[in-house]
Each structure stands twice: as structure tokens, then as C-alpha cells.
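Please open the structure in a viewer and keep the sequence panel visible. The tour below proceeds by selections, each followed by a description of what is to be found there.

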Amino acid sequence: MYEFKLRNILRQVKSQNPQKRYEALGQLFEYKQQEGLEVQIDLLKNMIKTAASKFPERVDHWDNPSYFLIDFVCDFSRPEVAEGLIRHFDSFDIQAKERAIDFLILTEDEEIFSFLEEKIVQLIKTNDFIIPYRQLAPYPTLLKGILDASLDMLESQRFKFSTYDMLLSLNASGYEKGYQKKVVLPILLEDYMTEKQEYLKFDPDYTTKYVYTAWKDSYFIVRNRMRLFLNLMEYYFTPEVEIELQQALKFRDPFLKTEALLLCIVKNLPYDDSILKDCATHIETAEMVYWELKDRNMEQLYPIHEGKQPHLAKTRLFTTIIKLPEEDNRIVHYPDDIQVQDKMEMENYYGQPVRYYLMSFKEHDRGYVGWVGAYALEDGEDTAVLWNDSYTDYVEFDSAPIEKHKQDFFKERAEEKLNYDNNVYFQSSPKLSRGAWFFIALAIVHWIREILSGYAENSLLISIFFTVVGGALCYLEFYKNKKRKVLIIGQQLVKQDGAKQQSIGIQEIKKVEYDKKNVLVYNKKNELAFKFPIRWVHYELFYMYMKEHSGHLKNRPFIQG
């Protein structure tokens, strides 16, 4: 039924009536939200062709069928989709091209990367294009090819900072440190000096509260650009850069001070220990300093040697709350007076020991409860490693004793675990076989011919007989398929075949492989736990859910892609 409705949407998005286009795009969006939706490849190809065609003149920002069609098909990771996107790429709307590029990057295919390099460079030079520098970051060869052909965009205000972002990714990858230093360095220093003048307008009055309650975006733009420049200075280092770093150590913004400090540490430049302590204890940067030092194998320099976990918990809660959306575009979230009140130890969904902190904080002169965790105690008593489950429900701290807050927390966790253990995250059943569909198609064609030629008495009974028998066999297959399922329920992978059911905990799986006929699931002893026909699942979707539900494990199973 949904195939028919999707084909109807393809007709409606080209309607001259804007209301019909609006309704069709709304229906398409609803289908996009459906988990596990399977669409025939021919229909996906038609969607791509339609997205490349001409549409009526737009009437509003939503009126972009080309983009929404491509956004829909890009949810289906199939080779045919990639082929269609490449074939029709030049005819897409610019936003559709951007979405197609995001999809094609994920193929990690060398030939497709060659295509992308050419198209991205063309778009940079000819269009109002958003460079997907974050998606490109893991692929330094592709990045270098793009930069080789477009480095002159450093002189363009439109693409200057996206080009700097690509330069940082390329250098940080180690693929080519100091890339085009003679060209980049003078422009970098000039842009840094210009942006520093903008920053210095804020520096005398800097307070954390001003940043998040008054200055906000007008300041964040300046801060982010300054941090970008300071990060690039690691790879474009000169005596002139050293002078700028020493000056940056005196900035009042803790992020900028920290960036300069870390670079001084890496380059063995002098710095005052008090600056390191200030950055490591500041509510904005305590976690940043710790993790940056740890990532550089310099954790021993972190000045907080004991009680690191509760110390970092304050920064974690602060960061969590300031990222909450403003209410009614006027009530700004800004936590103050953050304190650790108690701690709770328990097991998470996966049976691993974790710790949560019960925190208190004030906002608009009222005290509230906050929770920070879950710290992974398997990694040590005072570890900073956590699965981020930090939040506040804005329950007033004085509304109950601490023990009551803890009881409510444990009760809520128990209910969540029960829901998790019983929630079906993935479910798939086999569809009718090709043989069954062939019979149905043959029967339809046969009966059309019978109707057009008039019912021959001799052949009518035979036609009815074979139709009934074939239909019965198709129904039997359909009935059996309804009782054949592959499911992920909580942390269990389940195979159901009629009344027979087999299951294995995802943490007990060593590997999942497939061949032309079956998906094979092996336990930690490398024994075959069970197998099921590959046609029972849309494998790309199954693979995605299995990776998602095993990503937390220390010993992750191998899932064949």
C-alpha cells in the first residue's frame, strides 16, 4: 500500500498547486520517520529521477521537492542509490546536492571520492555552497585534493573559515602537516590579528555569566574563530606565533587561554603553573584541559590528582545545562553555585558498574537537582570516563530530602531498565518469495487475458483450480512468514520461527557473518549460536542496529558489513 502512496507523492510534488505539493511533502516526511521502512529499489530510482527534474516555481522555503526526495532516498544505503545520485547529480537543487554529497562521502569509495572532489570544487567556485568540512575530516586524501584546487578560497569571506576548518582537519590527520605553509601562514596571521581586535573589545568585561546570558552568539562567533586560529598555529608555528601565544595566555576567556596553554606545552614553551591550574579548575574548561592532556599522553600534568571525578562532574553539569534550549526565547539557562551532594553506585543496562552524582545548582535564585554520570567504574575509582547521561528535570532541591531524591532516581532507573529490556528496537520478517510474486503476477496477467477473450468453458475450471491452489500456497507462505522474525529486544538478539525461539545476549556474541543464503551468529566460544535466512532481514538496516546496540561494549562483536 505504501508503494502506491509513495508513487502518488511523486506525482503530487510536481503539481502546479502549492497546497498539493505541501501535503505531498508532509506525507513524505511522515514516511521518513517510520523505522524499518523498506522501499523497492525501482521506486528509489524514480525518486532520484524526479528530484532531478524541473518543478513549479517555489512559493516558500519549504517548497523544495528536489531536496526532500533526495533526503528520503539517502536513508537507504544501497549501491543503486549511490549510482543514481551520481548519474543525476548535476540536475539537483543545490540543497539536494549537499545532501547527496553527505551520503556519497559515507561510501568511502575511491572512484566516488574522485567524483566528489571534482563536484565539490566546482560548487565552491560557482555556488552558494556549504562545504561539509566535518564529514570530510576523516578523509585527508579527499580533503587535500579539494584544497589543492581551492586554497585560494582563503581570500574569500564566503569560504574563508570553511577552508580553515579543512586545513585544520588535514593537518590534524597527520597526512601533511604544515600543508602549503608559505601560502597559509601570512593569511592566517593577518586574519588572526583582525579577529583578535574583535576579541579584545570583550576581554576587559569578560565573565562567564555575561558570555551565556548577554553576549551569546555575538561573542561565540568571535571565540570560535579565535580557537580555530590558535589550533592552526600548532601546524603553522613561527617566532611571531610564539609571541601571540604568550599574549593569549593573558586572555580572560578560559577557552582561548587553554588553547594557547596546550600549544605552549606541546611546543615546550614557558608558561606559569598558575595558568594551568586556573584553566583546570575553571567551570568552563576543567574537562577540556583533562581530556586534551590525556589525548596527548600528558595526563600527569593535570593539577587535580585526587577527587578528579566530582571536580569534573561540576563542569559536566554546567555544560549540559547551558546547552539546553532557551524557553520562550527569553529564559536563558545558566547554572550557578553547582555542588556535589551525594553519589550513587549501581549497574547500568549492560551489567557494568557505574556511578552517578547527585548535584545541586541554582538558576534564577532557585535551587534544583541535577544528575551527572554515568562514570564507568570498570576504568577506575576516580575515572573521568563516562557514558554521558547527565541531566536535570528541574526538580527543586528543597522539595524533598536527599534520600528521597535518590530513591526517586533509583525507581526511575529501574523503570527505564524494565522498559529497555522489553522494548523492541528492531523487527524484521521475510517477505513473500520471488516465486510467490511471480505466480501472483502470472495469475493477474492470465485473468486479464481470460476477461478480454471471454471465458472459455474448458479452461475456466483449470484456471480457477490453479489460481486457488497457487493462492493457497501464497497465503500459506504469508502466514508462515508472519511467525518468522528477527528481533532486537533490549540487549537480546532473537530468532523466532513459529513456536520455536532462539536468543543470545548481544554481549555474548563474538561475530555476525553472512553468506548468499544465511546470516550466522557465533557466541564467545566461536560456536554457531543460530542462523537465519538473509532474506528475513534488510541486512543494511540489521547491521546498523547491531552496531548501535553493541557500541558500548569493551569487547565489541565483529559485525560483517
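Two strands are said to pair if DSSP finds at least two bridges between them. This definition serves the first stop, where strand E4 and strand E5 (residues 484-489) pair in the antiparallel sense over four bridges. The model is a predicted one.

**The whole chain**

Begin by colouring the chain by secondary structure. There are 22 helices and 11 strands in the chain. Of its 561 residues, 46% are buried. Among the contacts in the chain with a separation of 6 or more, 61% are between residues 24 or more positions apart.

**First stop: the sheet E4-E5-E6-E7**

Select the four strands of this open sheet, which follow the order E4-E5-E6-E7 with antiparallel pairing. Strand E4 (424-428) and strand E7 (500-505) are the edge strands, each pairing on one side only. From one strand to the next, the twist averages 15 degrees.

Next, display the residues along E4 and E5. Ser428 stands opposite Val486 in E5, and Gln427 stands opposite Leu487 in E5. Strands of a sheet pair through backbone hydrogen bonds, either parallel or antiparallel.

Move across to E5 and E6, which pair in the antiparallel sense over six bridges. Arg484 is a residue to select here: Asp497 in E6 stands opposite Arg484. What links E5 and E6? The two strands form a hairpin with two residues between them, and Gly490 in the turn has a positive phi of about 60 degrees.

**Second stop: the sheet E10-E9-E8-E11**

Now select another open sheet of four strands, whose order is E10-E9-E8-E11 and whose pairing is mixed. Its edge strands are strand E10 (528-533) and strand E11 (558-559), each of which pairs on one side only. Strand E8 (residues 509-514) and E11 run parallel and are joined by two bridges. To see one of these, display Lys511 and its bridge partner in E11, Phe558.

**Third stop: helix H22**

Select helix H22 (539-550) and show both sheets with it. Which strands does H22 touch in the sheet of E4? H22 packs on that sheet and touches E4, E5 and strand E6 (492-497), its direction making about 155 degrees with that of E4. H22 also lies across E8, strand E9 (518-523), E10 and E11, and runs at about 165 degrees to E8.

**Fourth stop: the second largest pocket**

Keep H22 selected and turn to the second largest pocket, which holds about 860 Å³ of space. Its lining has 30 residues, and the closest to its centre are Asp75, Phe76, Ser77, Glu540 and Met544. Select these five residues to find the middle of the pocket.

Then add the helices around it. Helix H2 (18-32), helix H5 (79-88), helix H6 (94-105) and H22 each supply at least two residues of the lining. Which of these elements gives the largest share? That is H22, with six residues. Colouring the lining by class shows 16 nonpolar, seven polar and seven charged residues.

**Fifth stop: backbone details**

Select Gly373 and Ala374, which are joined by a cis peptide bond with omega of about -5 degrees. Ala374 lies in strand E3 (residues 366-376).

Next, go to Gln180, in the loop between helix H10 (160-172) and helix H11 (181-200). Although Gln180 is not a glycine, its phi is positive, at about 50 degrees. Is Gln180 buried, partly exposed or exposed? Gln180 has a relative accessible area of 37% and is therefore partly exposed.

Asn268 is the next selection, in the loop between helix H15 (254-266) and helix H16 (273-281). Asn268 is a residue other than glycine, and its phi is positive, near 55 degrees. Exposed means over 50% relative accessible area, and Asn268 is exposed because its value is 71%.

**Last stop: Lys308**

Finally, select Lys308 in helix H18 (residues 308-322). Is Lys308 buried or exposed? The cut-off for buried is under 20% relative accessible area; Lys308 has 11% and is therefore buried. Display its surroundings: leaving aside neighbours within four places in sequence, Lys308 is in contact with Tyr290, Tyr302, Asp382 and Ala384.

Notes: Residues numbered from 1 in each chain as written. Predicted model: local features only at pLDDT ≥ 70, side-chain atom pairs only at ≥ 80, totals over all residues. Heavy atoms only, no water. 1 Å grid on protein atoms, 1.4 Å probe; cavity = no way out; pocket = protein on both sides within 12 Å on 5 of 7 lines; lining within 4 Å. Points joined across faces, edges and corners; volume = space filled by probe spheres on them. Nonpolar A, V, L, I, M, F, W, Y, C, P; charged D, E, K, R; others polar. Axes fitted to C-alpha atoms, helices over the stretch in contact; angles between N-to-C directions. Contact = heavy atoms within 4.5 Å. Buried < 20%, exposed > 50% of the residue type's maximum accessible area, 1.4 Å probe, protein only.
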